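Let's read a structure together, one feature at a time. Have the sequence and the model open.

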Amino acid sequence: MKPYYRTPKGDFSLYKGDCREVVPRLSSCLFDAVFADPPYFLSNDGFSVQAGKQVSVNKGAWDKSHGLEADTEFNFQWIKACRERLSESGTIWICGTFHNIFSVATVLSELDFRILNSVIWQKTNPPPNLSCRFFTHSTEILLWARKQKRVPHYYNYDLMHRLAGDRQMTDVWRLPAIGRWEKSCGKHPTQKPLSLVVRALLASTEANALVLDPFAGSSTTGIAANLIDRKFVGVESAKAFLELSKRRRIEYEKDRDAWCRRIPDLTKLRDSDKGKDETMQIVR
């Protein structure tokens with residue numbers, strides 16, 4: 001397949017189309033990890049708060065629910081496609097909330113994945129609850145699963161131990177939502193912060209690993225992967241978001257070190273006793 005966009009080094013490639021159709025055609029690739037931020041199915045005409053203003057929660061037709069059966073079938077199709085292109089020791093990260101994550105967990109079990117963790121991303125700056133009739137939503141879930149139940153996966157325990165202050169890192173990650181600097185080229189409505197994806201990939205992949213994102217959006221996964229010397233393939237159906245991804249990747253290329261300095265985990269490693277040289281070994 002001809003990519004929509006690829007960097008000269010070939011470490012960042014984008015393909016246009018539906019991931020259920022495109023991923024099976026990537027027959028020359030076996031991925032070490034998948035990081036997926038699929039539709040949450042929460043565009044239900046409700047309201048939220050953004051920058052102090054009331055806004056609709058509707059993201060687009062792609063985020064609307066078509067009923068439990070159809071939503072689950074959609075999840076089955078894309079996860080199955082990714083599984084077939086995942087290496088035997090590979091793992092998959094899938095983001096969600098209660099709107100979609102139970103369906104995702106069911107499909108992972110049906111496809112014989114072994115779920116390793118249900119990581120809770122606790123946002124330090126969640127939007128307020130306008131109705132005041134239930135608890136404020138301040139978390140999202142990342143399911144981490146490996147392809148084979150009996151094939152060992154990669155986990156950088158020592159690095160996560162250091163980042164947690166010389167303690168075992170727990171499955172609750174307290175990290176801010178997307179920063180203003182991450183929107184300089186435009187904003188995807190469900191864009192994830194680089195700090196979240198960097199931590200997931202640092203934990204689950206080695207240098208030069210090949211990472212797939214079947215719902216690339218603004219390619220946060222791709223930039224996170226390149227920041228820490230991983231290679232990236234992304235699939236996205238919307239041309240506007242593919243163009244946003246290109247702009248972000250070009251901007252990142254102009255000052256890579258500045259982007260590194262904005263990621264808390266990378267800053268912590270850079271400022272540690274072992275210093276800058278070791279950090280560069282991790283991220284390059």
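The dialogue below goes from the sheet to the helices and then to one loop residue.

Q: What kind of model is this, and how are residues numbered?
A: It's a predicted model, where local features need pLDDT of at least 70, side-chain atom pairs count only at pLDDT 80 or more, and totals for chains, interfaces and linings use all residues. Residues are numbered from 1 along each chain as its sequence is written, and side-chain values use heavy atoms, with hydrogens and water left out.

Q: In what order do the strands sit in the sheet?
A: Helices (H or I, at least four residues) and strands (E, at least two) are DSSP runs, numbered from the N terminus. Two strands pair if DSSP finds at least two bridges between them. Here nine strands make an open sheet with mixed pairing, in the order E1-E2-E11-E10-E3-E6-E8-E7-E9. E1 (5-6) and E9 (172-175) each have a single partner strand, so one side of each has no neighbour in the sheet.

Q: How many bridges join E7 to E8?
A: Eight bridges link E7 (residues 114-123) with E8 (residues 139-146), and the two run antiparallel. For instance, Arg114 has Arg146 in E8 as its bridge partner.

Q: At what angle do H5 and H6 cross?
A: Axes are lines fitted to C-alpha atoms, for helices over the stretch in contact, and angles run from 0 to 180 degrees between N-to-C directions. Angles under 35 degrees count as roughly parallel, over 145 as roughly antiparallel, 65 to 115 as roughly perpendicular and the rest as oblique. The axes of H5 (residues 194-204) and H6 (residues 220-227) come within 9 Å and cross at roughly 55°, which makes H5 oblique to H6.

Q: Which H5 residues meet H6?
A: Contact means heavy atoms within 4.5 Å. On the H5 side you'll find Leu194, Val197, Val198 and Leu201, meeting H6 residues that include Ile223 and Leu227.

Q: Is H6 mostly covered or mostly open?
A: Buried means under 20% relative accessible area, exposed over 50%, and partly exposed in between (1.4 Å probe, protein chains only). H6 is mostly covered, with eight of its eight residues buried. Just after H6, Asp229 has a positive phi of about 65°.

Q: Where is Thr170 found?
A: Thr170 is in the loop between H4 (157-163) and E9. With a relative accessible area of 49%, Thr170 is partly exposed. The C-alpha atoms of Thr170 and Val119 are 8.3 Å apart, though 51 residues separate the two along the chain.
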